[in-house]
Protein chains: 2
Amino acid sequence: MNINRFPPRVGHAARFFTGDNLGAITTAERVERLNALDVSEAAAILATLPQQKAVRILGRPELHNAAAMLRDMPTDQAARLLNATANDRVADLFQEMGEDARAHLFSKLDRTTALAVQHLMGYPPRTAGSIMTTEFVSVPATWTVGQTLEHVRKVERSRETVYAIYVLNAETQALASVVTLRRLITGEPQDPVLSVAQQGGIVRADPLMTQEDVARLIRKHNLLALPVIGEDGHMLGIVTVDDVIDTMIADQTEDAQKFGGMEALGKPYMKISFAGMIRKRAGWLCALFLGEMLTASAMQHFEGELEKAIVLTLFVPLIMSSGGNSGSQATSLIIRALALGELKLSDWWRVLVRELPTGIVLGTILGLVGFARIVLWQNIGLFDYGEHWILVGWTIFAALIGIVTFGSIAGSMLPFVLQRLRLDPASASAPFVATLVDVTGLVIYFSVALMILSGTLL
Amino acid sequence: MNINRFPPRVGHAARFFTGDNLGAITTAERVERLNALDVSEAAAILATLPQQKAVRILGRPELHNAAAMLRDMPTDQAARLLNATANDRVADLFQEMGEDARAHLFSKLDRTTALAVQHLMGYPPRTAGSIMTTEFVSVPATWTVGQTLEHVRKVERSRETVYAIYVLNAETQALASVVTLRRLITGEPQDPVLSVAQQGGIVRADPLMTQEDVARLIRKHNLLALPVIGEDGHMLGIVTVDDVIDTMIADQTEDAQKFGGMEALGKPYMKISFAGMIRKRAGWLCALFLGEMLTASAMQHFEGELEKAIVLTLFVPLIMSSGGNSGSQATSLIIRALALGELKLSDWWRVLVRELPTGIVLGTILGLVGFARIVLWQNIGLFDYGEHWILVGWTIFAALIGIVTFGSIAGSMLPFVLQRLRLDPASASAPFVATLVDVTGLVIYFSVALMILSGTLL
């Protein structure tokens, strides 16, 4: 690493980050500007910024390639920045680094930072433990309001949030109560801190709780921060509302992409490499293609019927897609309801009892439209469906009821099945459901046709 | 309204809301318990609770049928509760009420509450103006830290948040700066409040900004509250991070359901009526069905070819679904990138330039798999595709490249087209894209078949 390249760039950095209106540029804007640059260029600029500004930029999860930028900087400088950055963020950055860079940089961290980061990195990803920060404000329950306020003033700069203050039992160190800063300032200095503490139970998480559940708790109780408590009752850290918003966005992007029938990209659309994009999409596309091959097998099975009644093939795409569409509706409803906690695994039969009549009604509506089309086309002479056209119409009508009902049920049950198998219910994508329904749909269609048309067309 | 029914229920309410562990039940839990009851039963219980508790419950958007419960209560009591509830929430509740109940209750509100609510209700739904609260903390720029802190202590109970304090120009009343409570308490009492104010520009919204953009700003700058400024430079209100989280969840549920191919339910899955469910799903299902009817028309058009080469029909579902699946992937990627602001309308050509080669590569992969299947089945004797089986294989191969490429492009461009037409890009659902691609897919398939098989099978 050539340190000499930094000095000549100071002018560049200054021009880049202040513009005309000195001081009027926010951290978020600085992050955006850095994201537009190469890693090495961005690292060079970050290295020339005052430490406080650089730390604020480094703290943003929106900053691209932050780990690579740290590797690109002189190690001592990188360590200085990391010592001043929130521990949960440092742990995230370390996760993104290669083994070598991590070990090298880790040895240069402050002892307290190193211990906290090591601790945080021990929790499985996507748990409360892995997204929490250990830098929270805590005071013994024996303190007064005045003592607490004095302490908050002192540590304010080094804590992610000071709006929730955790009161610990002076002997056991267990979490006794929570005081919000807004309530704290209304207290009399000489009163005990517990006099302004929250009434009622403390909402808490254990370190292995999933980040989705953490987000749900924070949302449900309108919290600014949620304390994470270990098995021994000791407080390990807090998850703040900012972290939860970032988590929610990432989760929902993942869910949306999975529902579209692919692996989650994990990066912005324009940032992922071409090879990465192909990898994330080709897997599911091939799996769905192989599944859908069963439709060719089903068609082969009914080849005799197809030859006798070519008119049946005309409606194959129409009928199949209707099943897929109703399935896609049901799946999107259930995935979302499961994600929001509106439904639990044990609710599957209540959903079944709703989807069955819904599917029948929707299928009947489409069936009537389909029947009307055949009657209309036949009678105004747009197409000749043969002498048994009215039977063809009934076949379409009955098949649509069966297929749309099957689609609704398959689409609504698939997320439950996946959740039961401990897979992500969000993997029940629209294409997955469509594939599932297509094969069965063909079998339903030809079976109905055999029943109705046997002796006439078939 | 029979007031006599309330008193005998007090015992019920007390039992219902305290249990054994007095005081240990949170507002969120109370909301959940009320949600499990009938409207009239819930209203009766709400009416018997101490005002402070009832107001906290009423403030939660998760509470079902809150407007109906207020209608069910004695008007004076409902008005007392509303006077003590955050103005933005009152405005939301009024939006949910019928014209009559609204007018009746409105006349009983405090003058200040009534004015603020009327003002809020004047903004179009889903804008910063409609989700903001007018109850924020503001102080003149001439005040000291001590004066400001004293003021915050006094108004703390009546404000949704006191963590952001807005400093107004004493003469023009324009927003001059923002002070966070955490910085305020670190200041010396006699220093001017501006000495602890935030450096740099103030992030702000105008009242007609969409709630999605408001959420994006709050997320981007990690704010607890965002000030909303009118055209004349006066501060109108604030949007808090809680409101934004609620908004984000609602938006994402809506987007997920739209992507599934239906209208957004607007209510939890188990809460919507059967007729409501049918209405929200039948519309799109019928529209898609009508669109998909074009496949029947396309098939009718190629009936001659179908009769000559029945082998072609076997692969119709397989080929069509591949186009739909690749389209669904592309659409989910682009909708999400547009929602997150990663892509802008003007980026459409950059996306096109990415999706074209992506589609070609993905199509080639599927084409090879399809070709291999035909060769394999033919040679191990699972099915006889006729003497020209190798040409059938090439047809499938070439058609898949064309269809998957078309699917990727149509799927990625549809959200841009919808956004350009000022429609919601999230309406580009997986079934919508599949329908779009199915019709074109058939035409591509038969055109390729005509080119390759002309003179042999066709």
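Setting aside neighbours within four places in sequence, Thr435(A) is in contact with Leu288(A), Gly291(A), Glu292(A) and, from the other chain, Ser321(B). These contacts come from a predicted model. Thr435(A) itself sits in helix 20 of chain A, which covers residues 430–453. Its surroundings are well populated: Thr435(A) has 27 C-beta neighbours inside 10 Å, and because 20 or more make a residue buried, Thr435(A) counts as buried. A further distance helps to place this residue within its own chain: Gln257(A) is 178 residues away from Thr435(A) along the sequence, and their C-alpha atoms are separated by 17 Å.

The relation between the two chains comes next. A turn of 180° with a shift of 0.0 Å along the axis lays chain A on chain B with an RMSD of 0.1 Å. The two copies are thus related as by a two-fold rotation axis. The interface fits this picture, too: 99% of the interface residues of chain A are also interface residues in chain B, so the copies meet through the same surface.

Helix 17 of chain A, residues 316–339, offers a pleasant check on geometry. At 1.5 Å a residue, its 24 residues should span 34 Å, and the C-alpha atoms at its ends are indeed 34 Å apart, so expectation and model agree. Burial along this helix is equally clear: 24 of the 24 residues are buried, so helix 17 of chain A is largely enclosed by the rest of the structure. Just after helix 17, Gly341(A) takes a positive phi of about 75°.

Conventions. Residues are numbered from 1 along each chain as its sequence is written. Chains are lettered from A and ligands numbered from 1 in the order in which they are written. This is a predicted model: local features need pLDDT of at least 70, side-chain atom pairs count only at pLDDT 80 or more; totals for chains, interfaces and linings use all residues. Helices (H or I, at least four residues) and strands (E, at least two) are DSSP runs, numbered from the N terminus. A residue is buried if 20 or more other C-beta atoms lie within 10 Å of its own, exposed if 12 or fewer, and partly exposed in between; C-beta atoms are placed from the backbone. Two residues are in contact if their C-beta atoms, placed from the backbone, lie within 7 Å. Copies are superposed by least squares on the C-alpha atoms of residues with pLDDT of at least 70 in both. The expected span of a helix is 1.5 Å times one less than its number of residues.
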